[in-house]
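Here's a quick briefing to read alongside the model. Have the sequence and the 3D view open, and hop between them as you go.

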Amino acid sequence: MWEGTPFEFNRIILVRLIAMVALLAVFVVGARRAALVPGRFQNVLEMGLDFVRNSIVYETLGEKLGKKYVGIITTIFFAIFFFNITGVVPFLNIAGTSVIGMPLVFAAWVFVLYLGAAIKKLGLGTFLKTSLFPPGVPKVMYILLTPIEFLQVFFLRPATLTIRLLANMIAGHLLLALCYSATSYLLFEASGGLKPLGVLTFAGGAMFFGLEVFVAALQAYVFAILTAVYLQMVLEPEH
């Protein structure tokens with residue numbers, strides 16, 4: 001709808017809205033049904049929350065600093081996972097992060113987060129000095145190092161976050177589409193001698209289906225842990 005306007009509503013936007021509603025529904029239901037003796041559903045949610053808190057945030061930032069950022073990094077992890085997993089959901093069949101807009105939004109969110117945290121703690125001048133002019137380096141080396149550090153801090157970090165997530169989701173989508181398109185052709189349109197090959201392409205699709213579920217979770221983990229690492233780099237550079 002509204003094609004060609006800033007308000008265009010297409011399939012990928014619909015998929016993202018479905019993922020967002022599903023994410024909110026899971027955690028709202030989980031919070032409302034929370035009990036002292038958890039059931040299976042609550043156990044799964046608590047395991048996921050504990051994993052992000054302990055294995056990503058506290059492991060990287062420490063408990064004291066991690067408590068400040070555990071909420072936002074947990075949100076990033078689960079939001080990316082839900083947007084990723086739509087790539088293997090029947091009738092959706094495309095990851096919400098397989099078009100550059102959503103990975104770019106997440107990367108910009110992380111960039112603003114760690115940049116704002118660093119400026120708040122160190123001040124703009126001190127942050128630029130420590131980031132662009134590493135201590136203990138001969139001054140003449142700053143001619144080479146400073147432009148590299150500038151690109152790394154202000155461009156490469158958000159760019160690599162965006163490209164890594166986008167490329168993995170596109171690759172998974174293309175592999176699944178290729179396998180199942182080939183299966184459909186070989187089983188229903190190809191000549192008799194080629195039909196058995198459809199079994200192989202279907203098996204390949206099933207294998208890539210499982211791999212794509214794993215990649216959806218892995219990329220959410222990688223994005224979340226890099227967020228924590230970038231925060232640690234600017235807030236506790238001595239470590």
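Asn93 sits in the loop between α2 and α3, and its phi is positive, at about 60°, even though it isn't a glycine. Keep in mind that you're looking at a predicted model. Below, we start in that loop and then work through the helices.

**The loop between α2 and α3**

- Asn93 is partly exposed, because its relative accessible area is 38% and that label covers values from 20% to 50%.
- Phe91 is also placed in the loop between α2 and α3, with α3 covering residues 101-122.
- Like a few odd spots you may run into, Phe91 is a non-glycine residue with a positive phi, here about 75°.
- Is Phe91 buried or exposed? Phe91 counts as exposed, because its relative accessibility is 79% and the exposed label starts over 50%.
- Pro90 belongs to the loop between α2 and α3 too, and at 56% relative accessibility Pro90 counts as exposed.
- How far is Pro90 from Val28 in space? Their C-alpha atoms are 24 Å apart, and 62 residues separate the two along the chain.

**Salt bridges in α2**

- How many salt bridges turn up here? The count is two.
- One of them joins the side chains of Asp50 and Arg53, with N and O 2.6 Å apart.
- Why can these two line up? Asp50 and Arg53 are three residues apart in helix α2, so about one helical turn separates them.
- An α-helix has 3.6 residues a turn, so residues three or four places apart point the same way.
- Both partners get some exposure: Asp50 is partly exposed at 32% relative accessibility, and Arg53 is partly exposed at 31%.
- There's also a salt bridge between Lys67 and Glu63, where the closest N and O atoms are 3.7 Å apart.
- Lys67 and Glu63 are four residues apart, about one turn, and both lie in helix α2.
- Lys67 counts as exposed, with 53% relative accessibility, whereas Glu63 counts as partly exposed, with 48%.
- Those labels go separate ways because the cut-off for exposed is over 50%.

**Ala79 and Met20**

- Ala79 is found in helix α2, which runs over residues 40-85.
- Is Ala79 buried or exposed? Ala79 is buried, because its relative accessible area is 8% and buried means under 20%.
- Which residues does Ala79 touch, leaving aside its neighbours within four places in sequence? The contacts are Leu23 and Phe106.
- The C-alpha atoms of Ala79 and Met20 are 7.5 Å apart in space, though the two residues are 59 places apart in sequence.
- Met20 itself sits in helix α1, residues 11-32, and counts as partly exposed at 39% relative accessibility.
- Met20 also helps make a nonpolar surface patch of about 410 Å², together with Leu17, Val21, Leu24 and Val28.

**Thr227 in α6**

- Thr227 is found in helix α6, residues 197-235.
- Thr227 counts as buried, because its relative accessibility is 1% and the buried label applies under 20%.
- Not counting neighbours within four places in sequence, Thr227 is in contact with Ile73, Ile76, Val110 and Leu113.

**Helix α5 and its kink**

- Helix α5 covers residues 142-188, which makes 47 residues.
- From first C-alpha to last, α5 reaches 64 Å, close to the 69 Å expected at 1.5 Å a residue.
- Where is the kink in α5? It lies at Leu156, shortly before the proline Pro158, and amounts to about 45°.

**Before α1**

- Phe7 is found in the segment before α1.
- Phe7 is exposed, because its relative accessible area is 64% and exposed means over 50%.
- Leaving out residues up to four places away in sequence, Phe7 touches Met1 and Trp2.

Key: Residues numbered from 1 in each chain as written. Predicted model: local features only at pLDDT ≥ 70, side-chain atom pairs only at ≥ 80, totals over all residues. Heavy atoms only, no water. Helix = DSSP H or I, 4+ residues; strand = E, 2+ residues; numbered from the N terminus. Buried < 20%, exposed > 50% of the residue type's maximum accessible area, 1.4 Å probe, protein only. Contact = heavy atoms within 4.5 Å. Patch = residues over 30% accessible without salt bridge, like charges linked within 9 Å, V, L, I, M, F, W, Y side chains within 5 Å. Areas by Shrake-Rupley, 256 points an atom, 1.4 Å probe, with all protein chains shown as cover. Salt bridge = Lys/Arg side-chain N within 4 Å of Asp/Glu carboxyl O. Expected span 1.5 Å × (residues − 1). Bend = angle between axes of the 7 residues up to and from the residue.
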